[in-house]
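Let's work through a few exercises on a protein chain. Keep the picture at hand and try each task before you read its solution.

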Amino acid sequence: MKCNECGKEMKLVTGKPYHYTESGLDNVYLAGFPVHKCACGETAVEVPNVEELHTIIAGGLLRDPRLLVGKEIKFLRKQMKLKAVELANRLGINTVTLSRWENNTESIGQANDKLLKLVFV
């Protein structure tokens, strides 16, 4: 695999989970996926089916009993392929409220958390 930054050949590394920040979430680590590193510092992971991976991540968020936080709400909205106004309408809330949830300036609350998780399904 060639590096997107410098064009040099990347080396395959194994054994260490990959911090998958590409999802937009802070706490997703991948194990068992090929990871390539370049001498310039660039790292790339091979994910054969990103959509399936994101569906699995979404399922984990939906099953988690704790309240969703901003990045998780935004991730689920993007998985539903909805604009903020569309999700706000489905939930019966103002777009400003949704924005505050996604930006962690306001917590979602238990009732809306359950509603969002039900709307996703």
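Before we start, one term: helices (H or I, at least four residues) and strands (E, at least two) are DSSP runs, numbered from the N terminus. Also keep in mind that this is a predicted model.

**Exercise 1. Place Glu-46 in the chain and find what it touches.**

Step 1: Look for the elements on either side. Glu-46 sits in the loop between strand E5 (43-45) and H1.

Step 2: Check how open it is. Buried means under 20% relative accessible area and exposed means over 50%. Glu-46 has 34% relative accessibility, so it counts as partly exposed.

Step 3: List its partners. Skipping residues up to four places away in sequence, Glu-46 touches Met-1, Phe-33, Pro-34 and His-36.

Step 4: Take one of these partners, Pro-34. Glu-46 and Pro-34 are 12 residues apart along the chain, and their C-alpha atoms are separated by 5.4 Å.

**Exercise 2. Do the same kind of check for Glu-22.**

Step 1: Glu-22 is found in the loop between strand E2 (18-19) and strand E3 (29-30).

Step 2: Its relative accessibility is 45%, so Glu-22 is partly exposed.

Step 3: Now try a distance. Glu-22 and Phe-120 lie 98 residues apart along the chain, with 21 Å between their C-alpha atoms.

**Exercise 3. Describe the overall layout of the protein chain.**

Step 1: Count the elements. You should get five helices and five strands.

Step 2: Read them in order. The pattern is β-β-β-β-β-α-α-α-α-α.

Step 3: Ask how spread out the chain is. Its radius of gyration is 17 Å, well over the 14 Å from the globule rule for 121 residues, so the chain is more spread out than a compact globule.

Step 4: Put a box around it. Along the principal axes, the C-alpha atoms fill roughly 50 × 25 × 20 Å.

Step 5: See how much is tucked away. Of the 121 residues, 35% count as buried.

**Exercise 4. Which residues have the most contacts inside the largest nonpolar core?**

Step 1: This core has 26 residues, and the ones with the most contacts inside it are Tyr-20, Leu-30 and Leu-116.

Step 2: Trace where core residues come from. Helix H1 (50-63), helix H2 (70-79), helix H3 (84-91) and helix H4 (95-102) each supply at least two of them.

Step 3: Find the top supplier. That's H1, with the largest share, four residues.

Step 4: Zoom in on Tyr-20. Leaving out neighbours within four places in sequence, its contacts include Leu-25, Leu-30, Val-45, Leu-53 and Ile-57.

**Exercise 5. What is the phi of Lys-81 and of Asn-104, and where do they sit?**

Step 1: Start with the background. Most residues other than glycine have a negative phi.

Step 2: Read off Lys-81. Its phi is near 60 degrees, a positive value in a residue other than glycine.

Step 3: Locate Lys-81. It belongs to the loop between H2 and H3, and a relative accessible area of 61% makes it exposed.

Step 4: Turn to Asn-104. Phi is near 60 degrees here too, again a positive value in a residue other than glycine. Asn-104 is in the loop between H4 and helix H5 (110-120).

Key:
Residues numbered from 1 in each chain as written. Predicted model: local features only at pLDDT ≥ 70, side-chain atom pairs only at ≥ 80, totals over all residues. Heavy atoms only, no water. Rg over C-alpha atoms; globule rule 2.2 N^0.38 Å. Buried < 20%, exposed > 50% of the residue type's maximum accessible area, 1.4 Å probe, protein only. Core = buried A, V, L, I, M, F, W, Y, C linked by side-chain atoms within 4.5 Å. Contact = heavy atoms within 4.5 Å.
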